[in-house]
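Welcome! Here are some short exercises to work through, each followed by a solution in steps. Have a look at the structure before you begin.

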Amino acid sequence: MRSATLVASLAAVVAATPTKSTPQKPRAVSVEPITATGNAFFKGSERFYVRGVAYQPGGSGANIDPLADPKVCLPDIKKFADLGINVVRVYSVDNSKDHKECMTALADADIYVALDANNPKYSINRADPAPSYNADYLQSVFAVIDEFIKYDNTMAFFSGNEVIHDEADTTKSARYVKATTRDMRQYIRERGYRKALVGYSAADVSTNRIQTANYFNCGTEDERSDFFAFNDYSWCDTDIVTSGWDVKVKNFTGYGLPIFLSEYGCTKNGRTFGEIEALMSDQMTPVYSGGLMYEYSMEENKFGIVQISGKDQTGNREELPEYKSLKNALSKYPAPTGDGGFTSTTASAACPTKDSNWLVDSTLLPAMPEKAKVYLSDGAGKGPGLNGPGSQWASTTSSGDAAPGSGSVDSTASPSSAAAGGFAMSPVDRAPFVISGLVAFFTLVGALAL
Ligand SMILES: *[C@@H]1O[C@H](CO)[C@@H](O)[C@H](O)[C@H]1NC(C)=O
């Protein structure tokens with residue numbers, strides 16, 4: 001699932017800023033970058049918790065970049081400020097466009113962004129990952145970094161979203177997502193950029209969540225992530241024990257990297273967003289650093305809190321009842337003061353072994369495609385945007401440096417099969433997979449029990 005103050009106030013801030021010998025800059029161009037230490041995020045010396053929303057007006061199908069159009073982002077940024085959030089996640093950004101107006105307005109409202117560096121056309125194809133890990137794909141990913149890293153309120157880049165979404169075949173795509181994570185971190189280092197955070201956003205797959213988490217935090221330092229995030233819809237207006245979140249604290253204790261929920265927001269049993277109370281409580285803050293509520297705009301899958309009118313997403317913004325609920329929960333459960341019991345040392349994990357839920361048979365990562373290495377020294381150049389030719393089958397015509405053990409590229413494969421895999425799925429897209437998986441599982445359990 002995926003998903004930008006006010007000129008007057010900006011002008012007021014600029015006007016009010018003293019002009020001589022003062023370290024204070026206009027806020028619109030100066031926010032403190034978020035860093036990671038041990039298993040927590042920091043804004044300066046203060047611990048930082050993600051208290052945000054997923055922002056994907058139009059839904060995943062529309063595939064629009066809300067941060068490229070001030071007519072879309074500016075009215076929403078007013079709402080974000082009113083809600084009291086501090087992060088928005090955007091699932092698909094156009095690396096050929098300018099983002100200054102939206103990013104500046106967000107910064108002025110003290111709001112950070114967490115961005116998916118891939119998009120439907122430029123992503124790892126979970127159905128056939130090896131050929132989709134190619135130079136055209138990395139060029140698009142690196143161009144997203146070039147465009148957004150200049151804004152200090154870019155908090156993090158996701159190297160993938162829910163690419164692995166079951167406990168079988170899609171786990172084989174993990175190596176390519178991890179290679180992408182490694183390449184993004186290397187690109188940031190070699191281009192001399194500030195240290196922006198890179199990590200993976202995992203699907204809500206309980207059978208291999210720990211294996212996935214450990215995989216992205218094992219091996220040499222250059223291969224590991226800066227954080228781990230997963231999507232979780234298990235709260236359902238219950239409590240920390242019924243939802244199983246207590247176990248998720250226990251199981252991730254000692255993980256060694258910051259963890260947050262890259263999506264939360266069950267819609268069963270009403271939405272009072274008790275998740276925020278739990279996430280901000282001392283039961284969870286030693287291990288978790290907040291989360292992102294899915295989602296801001298009301299789309300077909302019915303998770304939204306604001307109804308946007310107009311096909312181009314520029315119309316009226318109507319607050320739905322859940323808007324007030326979220327605003328209330330955020331104000332009732334503020335970020336705790338103090339360090340939240342975090343662990344100050346970073347730790348790595350042991351690589352998971354191959355088993356029936358984790359079909360990754362090698363910890364060896366695919367090498368960066370030869371043709372992509374030039375981007376490290378020369379930069380990525382102009383990005384292809386969201387409507388370029390796409391990269392999933394680019395290796396059949398360009399670089400396609402094969403990964404160890406990746407096999408040959410099937411040039412006869414149908415591009416339509418790319419649509420079946422590789423990118424973010426909304427709860428609605430995904431529900432049939434989860435439900436059919438559960439039905440199959442319980443049918444099996446039932447059959448065995450009888
Ligand atoms: C927690 O860890 C136990 C023991 O490894 C495992 O059986 C269980 O499935 C895990 N639960 C979650 C929610 O990760």
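**Exercise 1.** Find how helix 3 and helix 4 are oriented to each other, and which residues meet.

*Solution.* Keep in mind that this is a predicted model. Start with the axes: those of helix 3 (residues 70–83) and helix 4 (residues 100–108) come within 9 Å and cross at roughly 10°. Next, apply the cut-off: angles under 35 degrees count as roughly parallel. Helix 3 and helix 4 are therefore roughly parallel to each other. Finally, look at the side that helix 3 turns to its partner: Pro70, Cys73, Leu74, Ile77 and Phe80 meet Glu101, Cys102, Ala105 and Leu106 of helix 4.

**Exercise 2.** Describe the packing of helix 6 and helix 7.

*Solution.* Helix 6 spans residues 135–148 and helix 7 spans residues 174–190. Their axes are 10 Å apart, at an angle of about 45°. That angle makes helix 6 oblique to helix 7. Now add the handedness: helix 6 and helix 7 cross in a right-handed way. Then list the contact residues. Helix 6 contributes Tyr137, Leu138, Val141, Phe142, Ile145 and Asp146, while helix 7 contributes Thr180, Asp183, Met184, Tyr187 and Ile188.

**Exercise 3.** Which residues are around the ligand, and what share of the ligand does the protein bury?

*Solution.* First, the surroundings: Val247, Lys248 and Asn251 are the residues around the ligand. Second, zoom in on asparagine 251, where a side-chain N or O atom is 2.3 Å from an oxygen atom of the ligand. Third, consider the area: the ligand taken alone exposes 360 Å², and the protein buries 40% of that.

Conventions
Residues numbered from 1 in each chain as written. Predicted model: local features only at pLDDT ≥ 70, side-chain atom pairs only at ≥ 80, totals over all residues. Heavy atoms only, no water. Near = heavy atom within 4 Å. Polar contact = N/O pair within 3.5 Å; in protein donor to acceptor, adjacent residues only side chain to side chain. Areas by Shrake-Rupley, 256 points an atom, 1.4 Å probe, with all protein chains shown as cover. Axes fitted to C-alpha atoms, helices over the stretch in contact; angles between N-to-C directions. Helix = DSSP H or I, 4+ residues; strand = E, 2+ residues; numbered from the N terminus. Parallel < 35°, antiparallel > 145°, perpendicular 65-115°, else oblique. Left-handed = near helix turned anticlockwise from the far one by under 90°. Contact = heavy atoms within 4.5 Å.
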